[in-house]
Amino acid sequence: MSIQNLNSRDPFADAIKGPDDDIQDGLVHIRIQQRNGRKTLTTVQGLSAEYDLKKIVRSCKKEFACNGTVIEHPQYGEVLQLQGDQRENICQWLTKAGLAKADRLKVHGF
């Protein structure tokens with residue numbers, strides 16, 4: 001019988017993250033897509049998989065008075081879709097909620 005070395009992996013490493021350590025490691029891409037006429041969609045791609053995207057969409061729908069959903073994109077994974085041009089609103093909301101830092105947000109379509 002062998003004794004396992006418990007010091008090789010720290011099971012509490014996630015719990016000792018500081019307040020400056022955020023879960024979001026990559027860029028969050030915020031894009032706008034033109035639909036028909038004046039209608040537009042705002043898409044948010046790149047949020048961490050540890051976040052519950054359905055809860056984020058529910059909160060954004062109430063905050064911005066728009067409709068939204070989570071779709072599964074074959075290339076980008078799970079993507080948030082919000083009706084209308086919500087680029088500025090979603091940037092402010094993500095930084096205020098602490099889900100992403102301002103320097104990790106990349107807004108497309110200006």
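Reading from the N terminus, the elements of the protein chain follow the order β-β-α-β-β-α-β. That comes to two helices and five strands, as seen in a predicted model. Of the 110 residues in the protein chain, 30% are buried.

What lies inside? The largest nonpolar core has 20 residues. Val28, Ile30, Leu47, Ile56, Ile90, Trp93 and Leu94 are the ones with the most contacts inside this core. Two or more residues each come from strand S1 (28-34), H1, strand S4 (77-83) and helix H2 (87-97). With five residues, H1 gives the most to this core. As a general background, nonpolar side chains in soluble globular proteins tend to be buried together.

Now turn to the surface. Here a patch of positive charge brings together Lys55, Arg58, Lys61 and Lys62. One of these, Lys61, sits in helix H1 (residues 53-64). Is Lys61 buried or partly exposed? Lys61 is partly exposed, because its relative accessible area is 31%, and partly exposed covers the range between under 20% (buried) and over 50% (exposed).

Another lysine to look for is Lys101, placed in the loop between H2 and strand S5 (105-107). Lys101 also counts as partly exposed, at 39% relative accessibility. The two lysines can be set side by side:

| Residue | Place | Relative accessible area |
|---|---|---|
| Lys61 | helix H1 (residues 53-64) | 31% |
| Lys101 | loop between H2 and strand S5 (105-107) | 39% |

Finally, try finding Lys101 and Leu27 in the structure: they are 74 residues apart in sequence, and their C-alpha atoms are 9.5 Å apart in space.

Conventions:
Residues are numbered from 1 along each chain as its sequence is written. This is a predicted model: local features need pLDDT of at least 70, side-chain atom pairs count only at pLDDT 80 or more; totals for chains, interfaces and linings use all residues. Side-chain values use heavy atoms; hydrogens and water are left out. Patches are made of residues with over 30% relative accessible area and no salt bridge: like charges are joined within 9 Å, nonpolar side chains (Val, Leu, Ile, Met, Phe, Trp, Tyr) within 5 Å. Accessible areas come from the Shrake-Rupley method with a 1.4 Å probe; for residues, only the protein chains shown count as cover. A salt bridge is a side-chain nitrogen of Lys or Arg within 4 Å of a carboxyl oxygen of Asp or Glu. Lys and Arg count as positive and Asp and Glu as negative; His and the chain ends are not counted. The place of a charge is taken as NZ of Lys, CZ of Arg, CG of Asp or CD of Glu. Helices (H or I, at least four residues) and strands (E, at least two) are DSSP runs, numbered from the N terminus. Buried means under 20% relative accessible area, exposed over 50%, partly exposed in between (1.4 Å probe, protein chains only). A nonpolar core is a set of buried Ala, Val, Leu, Ile, Met, Phe, Trp, Tyr and Cys residues joined through side-chain atoms within 4.5 Å.
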